[in-house]
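Here are my notes from a first look around. I kept them short, so feel free to read along.

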Amino acid sequence: MASAKEIQDRMRSIKDTLKITNAMYMISSSKLKKSKKMLADTEPYFYTLQSEMSRILRHLPDVNSIYFKTNAEIPERKRKAGYIVITADKGLAGSYNHNILKIAEEELAKRDDYKLFVLGELGRHYFEQKGINIDKQFHFVVQDPSLSRARRIAEDLLKLYHTNELDELYIIYTTMVNAMQEEAQVAQLLPLKKADFKIPVPIDIPLEGLALKPSAEEVMDHIVPNYVVGFVYGALVEAFSCEQNARMMAMEGATNSAKQMLKELDIEYNRARQAAITQEITEVIAGAKSQKKKKK
C-alpha cells in the first residue's frame, strides 16, 4: 500500500488537472454558443441562394454551366480531385480529429491525381508525418472562422477549377447530428449536381415567370461562387462547433474520471492513515510492555 504522503501528492496532482479540465470545458462551452449563433445568423442568406439556384434550374433545366459539368468522359480514379480537409489546431477533443483523418486517407487512396488543402495544425502535422504532400495550408482559420476567410479559400480553389487544374472539389468536415453525436463526412463542392437542387412543386401551383439577364448561364456563374463560399463558411463554423462540443464531452469525461479517482484515493488515504495510526498505537503499546518487563 502507498504511504499517506504519496496518496496526498497524487490527489493534489489530480485536483490541479481537474481545475484545467473544468476551465477547458467552460471555454469550449462559450465558444460553442458563439459558433452556433454565427451559423444561425448566416444560414438564411445562403439558403436563399440555394433556393434561387433551384428556381433557375426548375425553369431552365438544360442551363449550360461549368459548375454543372458531369466529367462522365473521365474515369473516376483519373479525375483531378481536390480535397479540403478541416481538422482542429489542438487535440483533447476525443475522436474528432481521428475520424476526419481516417476518412481523408480513405478518399485519397481512391485517387491517382489529387490536390490536398489542409485547414488545422493537427491535420498538417499528420499528413507531413505520413509523407503525404500538402498543396496548400490555410493557417489561423479553424479557430476563428469568418466569411472573409471562407471567401479567400473558395476563391483560391475556384481559380484551380476554372483553369482545369481540378475536375472535382470535395470538402471533408464534421457535422453535428445532435447534441451528443457528430459525424465526419465528405461533401462534393464542385461540380454541382442538378438533382440536388430539385425542389418538388405541387401540381396545382403555377410556375412563376422568370427573366434572367444577360443570360441564365451568366446569372448562374455569378450565384454559384457565392454558394461555394457559403458552403465553405458553413462547414468551417459547423466543424468548429463540433470541435468545441467534442472537447466539452472529452473534458466532462475527464472531470468525472478525476472525481471518481479522488473518491477512491480518499478512501485509500483514510485506510493508509488508519493503518499508520494503528501501527503507531501498536508500537506505543509494545514499548510500554517492554518498559514494564524491564522494571520487573
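How far apart are the end C-alpha atoms of helix α2 (residues 96–109)? I found them 21 Å apart. At 1.5 Å a residue (times one less than the number of residues), its 14 residues should span 20 Å, which agrees. Helices here are DSSP runs of H or I with at least four residues, numbered from the N terminus.

A word on the source: this is a predicted model, where local features need pLDDT of at least 70, side-chain atom pairs count only at pLDDT 80 or more, and totals for chains, interfaces and linings use all residues. Residues are numbered from 1 along each chain as its sequence is written, and side-chain values use heavy atoms, leaving out hydrogens and water.

Next I checked burial in α2. Among its buried residues (under 20% relative accessible area, with a 1.4 Å probe and protein chains only) are Tyr96, Ile100, Ile103 and Leu108. Down the axis of α2, the buried residues fall within an arc of 160 degrees (taken from the directions from the axis to the C-beta atoms), so they line one face of the helix. On the other side of α2 I noted His98 and Ala109, which are exposed (over 50%).

Then I looked up serine 35. I found serine 35 in helix α1 (residues 4–59). Serine 35 is buried, with a relative accessible area of 0%. Leaving aside neighbours within four places in sequence, serine 35 is in contact (heavy atoms within 4.5 Å) with Val237, Phe240 and Ser241.

Note on methods
Helices (H or I, at least four residues) and strands (E, at least two) are DSSP runs, numbered from the N terminus.
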